[in-house]
Structures are given as C-alpha cells and as structure tokens.
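I opened my notebook to look up a few things in this model. Here is what I wrote down, entry by entry.

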Amino acid sequence: MPLLFSPLVLKVGVESDQEKLFGQENIAAEWIGSESNQGRAHLTIYDLSLDYIARLTQLFHQCVDSLPDDWQSHPILFLTPALGSKDSTASLFNSYCKVLPSLAEHREIYFYPYGRSACLLALKQIEHLFKQENASKLLIISIDTHQRLCPKSYSDIQCYEEPHITACDSAALVNVEYSNVGLVINWYGKVALTRVNEPGQGVANLFYLFNKQYQSSIDAIHLPLNNTSRMANEWLGQLSEIASSLSSDLKCFFNGVRIGDLGTTIGLFNLLHTQNLYQKGEFESGQSILQLDISDGLYQSAALFGWENEKSDAA
C-alpha cells in the first residue's frame, strides 16, 4: 500500500524551507544566553517564561490556520511527547481544544504519547485506517519543544548540563493519502523496555527481529543522534547485527545533529526526509531505507521503507 505524505506545515524554529530542512548543510542555530537558559536553539517562540504545555499549545496554534477545510471529516493522529501520565496527556489535549474548540467534537482522534518513537508506532494504525476503515486520507500532527526552552517547568534540571544539544521548537502537520506513488512499509518492528535493560538491548532486539522476519538489503539508514553519548550508545554497538544486510554504498543520516533535537517530531521528519530522497531520485524504487527511533520512555521502533511508483506498477 503506497502512502504519500504531504506536509502542510513543517517548521523547525522559523525555518520551513524543505530544501534546507532536507539538505546536507547544517542549519545555523541561534545562541541563547540568559540566567535560566544557555545554548544553541531553533526558536519559533522567543518567550522562555512559558511552561511546557503552554509552549506546545502556542506551537499548535500556529498550525491551525493550515488545517484543510475538511479536516473534521478525516482521522487525526497526534504525535506527542511522552508526558508521563494520562492526566498530562489529557491536559495537553484540553489546551489544544481551547485553541480549536471544534477539536473536542471530533470523533476520530488518536494520541501517540511516545516521544521520538511515536511516528513509527503509529504506522500500523495508519495502515489499518486505510485498509479496514476505508479512510480516504488522514492528518498527522506532531509538535514538540526542548525542555531547555521551558526552564520554569524543569527547575530541578540544570539547563547548562547539555549545552552542546541544539534545542528546537518543531511542528509538523501532514496530510496522508493512499496513492499509486509513495512510500511502502516493507518491515516494521517495536520493542518495549524496562529500566533493568542494558543500553543497546532494545536495538539489539529490533535488529534480531529484522534478521528473523525480513533480511533484505539496507541502502540507507536514519540513525538517532542528538550529540549525546547516551543515545549513540543505544545503537552504536549493535550495527554488527545487521552488517550482512548493509549495502556497500550505505548512506547514514543524522538529522538530530544536522538540525537539532526535534524530540517527538524527529520520527515524522525522518519519514518525510526518506520520501524526499525518493522523490528527488537519490534512491531508486528498488532500494530500501531503514529508520530507527529511540524514545526517552518505554518504546524503541524501526521501519524499513521502500518506494512504489506508477512505472513499477505498469511493469
């Protein structure tokens, strides 16, 4: 089932030019220095006095005008940070409803409060909506902001602890349709972790599943990295598990370093980047791109994408 993802909003800080966002050059961040916050950042909102939910709500407010006229007729999937409790997630949704009151009346809303892994964890629901529910299209909304940009919400966290991370405001509103041309999901896997798991165990389990269930050539890979060794250590020692599937011309993408820490939005951003690579002809329909996502919470996920077009259908 080919799926075509059309971004109506894709914004990191004030940057919305997709040629730049999906390019090869680093996008310059601003240096923010204050008593409560210091470091590099891509800011959409310059007010650093907002708490976390208030900042997310303002970012959502900036997306509302880009909703299609018929948005209430289609399922909506919200990808949100892992807020830690159902009450916090409900509070976020209630704040969104204050911005867009008719949202409360929508009958088909799905929440994925899984942080960086939210996008890939939503893939099965997306396929189900098209295959079983006969949806004609759906909308994905992903919004996040870095905790360093909400210092009052995290007074117990030292904001100077990781100044090498580029903190980001990010927002994406994406229309998804079943199409004759688009991304296909060749393989998908997820694992749930506990605190007793050793670093890298989740990724090792994912790669074990890949080898057992699919075993196909991987021509490119999106790897999670935001300039912290903690995140890198989750996958760095595990690549040998899929070494036999890695193409000799393997390309690796580290958008978390090139752009910044997009949090929840990174999964959808990487998926859109994958689609862009196929659309620009940098990868052929027979080549595959793996995406690995590691959340700060329970889940880790991965998916292998391919591309289908009308020519291959005709053949």
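**A loop residue**

I looked up Asn227 first and found that Asn227 touches Arg40, His164 and Val257, leaving out residues up to four places away in sequence; contact means heavy atoms within 4.5 Å. This is a predicted model, where local features need pLDDT of at least 70 and side-chain atom pairs count only at pLDDT 80 or more, while totals for chains, interfaces and linings use all residues. Residues are numbered from 1 along each chain as its sequence is written, and side-chain values use heavy atoms, without hydrogens and water.

Is Asn227 exposed or only partly exposed? Asn227 has a relative accessible area of 34%, so I noted it as partly exposed (buried is under 20%, exposed over 50%, partly exposed in between, with a 1.4 Å probe and protein chains only).

**The cores**

Which residues touch the most other members of the largest nonpolar core? I found Phe5, Ile126, Ile140 and Val176, in a core of 44 residues. A nonpolar core is a set of buried Ala, Val, Leu, Ile, Met, Phe, Trp, Tyr and Cys residues joined through side-chain atoms within 4.5 Å.

Ile126 is in contact with Leu3, Leu77, Leu138, Ile140 and Val176, setting aside neighbours within four places in sequence. Another core, of 26 residues, lies apart from the largest one and has Leu56 and Phe60 among its members. I added a reminder: in soluble globular proteins, nonpolar side chains tend to be buried together.
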